[in-house]
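Q: Please take a close look at a single part of this model, one sheet and the strands that build it. Then set it in the context of its chain and of the assembly.

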2 protein chains.
Amino acid sequence: MPIIPTVADWIAGTPGTISLGQGVVHYGPPPAALRKIPAFLKNSAHHKYVPDAGLPRLRKAFEEKLRAENGIDASGGRRIFVTAGANQGFLNALLCLCDPGDEVILLSPYYFNHEMAVGLAGCRAVCVPTDGNYQPRLAAIEAAITARTRAVVTVSPNNPAGVVYPPDTLRAINRLCAGRGIYHVSDEAYEYFTYDEATHYSPGSLDAEHTISLFSMSKSYGMASWRVGFLVVPEHLFDDMMKVQDTVIICAPAVSQAVALEALKEGRRYCLSRLPAIARVREGMLAAFSRIPDLVTVPPSRGAFYFLAKIHTSMDALPLAERLVREHKVAVIPGETFGIGKGCSLRVSYGNLSGEAALEGTKRLVRGLIEIVGR
Amino acid sequence: MPIIPTVADWIAGTPGTISLGQGVVHYGPPPAALRKIPAFLKNSAHHKYVPDAGLPRLRKAFEEKLRAENGIDASGGRRIFVTAGANQGFLNALLCLCDPGDEVILLSPYYFNHEMAVGLAGCRAVCVPTDGNYQPRLAAIEAAITARTRAVVTVSPNNPAGVVYPPDTLRAINRLCAGRGIYHVSDEAYEYFTYDEATHYSPGSLDAEHTISLFSMSKSYGMASWRVGFLVVPEHLFDDMMKVQDTVIICAPAVSQAVALEALKEGRRYCLSRLPAIARVREGMLAAFSRIPDLVTVPPSRGAFYFLAKIHTSMDALPLAERLVREHKVAVIPGETFGIGKGCSLRVSYGNLSGEAALEGTKRLVRGLIEIVGR
């Protein structure tokens, strides 16, 4: 079973649980964007299939965003696909790049859905552990490349570890991929979520031929349920990607694309205006963890809305997470999920709550750790 | 390139083209369903992820529809998945059932996206030709089953041929699959579109252990752009299917699910009330074709909204279809797309237009065939 529905089952069995589990933000899409829905639906063409690659105006708006914010030139109309979320975009990328038996390098701890997608595509996920601070080790990545390797996947800001990879690291991975004739798949769903002067960098700005970039409206614009993401591919993949897109989804939901277009008009300030509140929750959690240093270590992380906390115990993380829900009514995600081989880790998400609930959730987590692990 | 975007490109280059190409209906979703959107969006939980398998109330409503209309018992909560359209449902089924190298039996002429999906899943599409009237040949299907076969796929009412398979034929295929321990994947996206007393039959009513049934809101309820379909699976596949669903899409778009729920309250009468107008277009086309019997043969077809017309020419269908757009401003889909090995066939779709436009489209098609093929 995938972990999110598993934890959802525990929560369903324990009413009143506060979730620091799922990766969602506490706000929804821009209200102004929602107000435009009725006008969009008046056009009968908008109920039929819309173009596979996405509404032309939405692709154009995203092309401008990529140029202005990410340094990516996606002009020409053959680089951008609107997908039903970044997960579908990632699967598209795999189905486009890989044959069964090919290898895809993931950095562990990895995003669990990436590992599952590689398996579903009939490929082998080659997991290269990051260092003690969850940063990529270039030499280890290079050593893992074989003749069957088709891509290296990075997620920065990172899910699950919350770390931001320095631009130099991402550039080095990107150059390594280009040099070896493989692709760099860069998942940037959390691009706006950085703290303490951390800087987001888009490797797609360096190389248009070997980079596939993934973006999402789910986090930045509070649009998780709407299923809108963007896949930016080298132009030479356009025709193959059309086949994949047509086969998997035909087109992303049109009404969601319409809301995404309006949301992009508000732009990143919509997300950035909500970031201080999320940052305060983050600070509060860090302060709480710092008071139990014999139980918890949190490696430096300045992005997304996750900590991947190392718990000083010989317990496995899965039963610990289950007990935290059932006995302390607070949900987090066990580290096994992310392919961490040793030690007990918990992913703590802090984007979903603000104010009181966040404070209470943190209290329960600390109390739970003290009672379960500290005795 | 997938055929639909290819034809769309021809059309874009020939303004004023009437499309008898894409498989869409001329109407949109129930207006009453659309009016419920604002209330749904007021609940902030509806902007976060909703359950992977779908909104519980929607799954329940579909369970009742299956019992009442299809004779399928999907109770227990572990048989129904809401997907982002039936294409995504079909891909889910393949990724769940098959390993790379496995075989899936398609009946040709097949639905092109099925063939592409089998290829993307790393499997081999084994195409078993239907008979001269596009009806399945049971002995040929049986002979095509090998140790690697995982499923037989049927589409009834059929895309592209518009034929309805008799209940006895579907039962025989279903029993064959059960007997050989493989799955029968039954695509029923066009279940409500039957004419002249043809009857739709759901093989899932016969066997809950070996049948996977696919349904769609795209045609019946005019919801193509909304991306909502249903996947009905044997209960023993539920856990594996959860993994696939979480990896491919997480959940179908929530707002679309909300509209689907309201649409199901109107029920099939919404579609059935529009069927007489579509049937009139169908009759008009059949009459027009009957006037050029030396150029066109249309095998008996009483379902969906397609004819797969056999054109008496040595031309290939692809260049013929392109000339019909460029010289006569009418779009149809060339038969090569559907895996027909020999002869020239064109798929003519009659669900998209009513009244004047349909009449004019038919005239152009007949005139085009006379001028291009008849000379």
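A: In chain B, 4 strands form an open, antiparallel sheet in the order S9-S10-S13-S12. Strands (E, at least two residues) and helices (H or I, at least four) are DSSP runs numbered from the N terminus, and two strands pair if DSSP finds at least two bridges between them. The edges of this sheet are strand S9 (296-297) and strand S12 (333-334) of chain B, each of which pairs on one side only. S9(B) runs antiparallel to strand S10 (residues 306-311) of chain B, and 2 bridges join them. Within the pair, B:Thr297 stands opposite B:Lys310 of S10(B).

The model is predicted: local features need pLDDT of at least 70 and side-chain atom pairs count only at pLDDT 80 or more, whereas totals for chains, interfaces and linings use all residues. Residues are numbered from 1 along each chain as its sequence is written, while chains are lettered from A and ligands numbered from 1 in the order in which they are written.

In chain A, the loop between strand S9 (296-297) and strand S10 (306-311) holds A:Ala304. This residue is not a glycine, yet its phi is positive, at about 50 degrees.

Chain B also has an open sheet of 7 strands with mixed pairing, in the order S2-S8-S7-S6-S5-S3-S4. Strand S2 (80-83) and strand S4 (124-129) of chain B each have a single partner strand, so one side of each is left without a neighbour in the sheet. From one strand to the next the twist averages 20 degrees. Strand S6 (residues 183-187) and strand S7 (residues 211-216) of chain B pair in the parallel sense over 4 bridges, and B:Ser186 stands opposite B:Ser213 in S7(B).

Two cis peptide bonds deserve mention. One joins B:Ser156 and B:Pro157, with omega about -10 degrees; B:Pro157 lies in the loop between strand S5 (149-155) and helix H8 (167-180) of chain B. Another runs from A:Asn159 to A:Pro160, with omega near 20 degrees, and A:Pro160 is placed in the loop between strand S5 (149-155) and helix H8 (167-180) of chain A.

The assembly comes next. A rotation of 180 degrees with 0.0 Å of shift along its axis superposes chain B on chain A, with an RMSD of 0.0 Å; the fit is by least squares on the C-alpha atoms of residues with pLDDT of at least 70 in both copies. The copies are thus related as by a two-fold rotation axis.

Between the chains, 50 residues of chain B are in contact with 50 residues of chain A, contact meaning that C-beta atoms placed from the backbone lie within 7 Å. Several helices of chain B each supply at least two residues of the side that touches chain A, among them helix H1 (3-12), helix H5 (86-97) and helix H10 (254-266). H9(B) gives the largest share, 7 residues. By class, that side of chain B divides into 30 nonpolar, 14 polar and 6 charged residues. Here Ala, Val, Leu, Ile, Met, Phe, Trp, Tyr, Cys and Pro count as nonpolar, Asp, Glu, Lys and Arg as charged, and the others, Gly among them, as polar. Of the interface residues of chain B, 100% are also interface residues in chain A, so the copies meet through the same surface.

Conventions
Two residues are in contact if their C-beta atoms, placed from the backbone, lie within 7 Å. Axes are lines fitted to C-alpha atoms, for helices over the stretch in contact, and angles run from 0 to 180 degrees between N-to-C directions.
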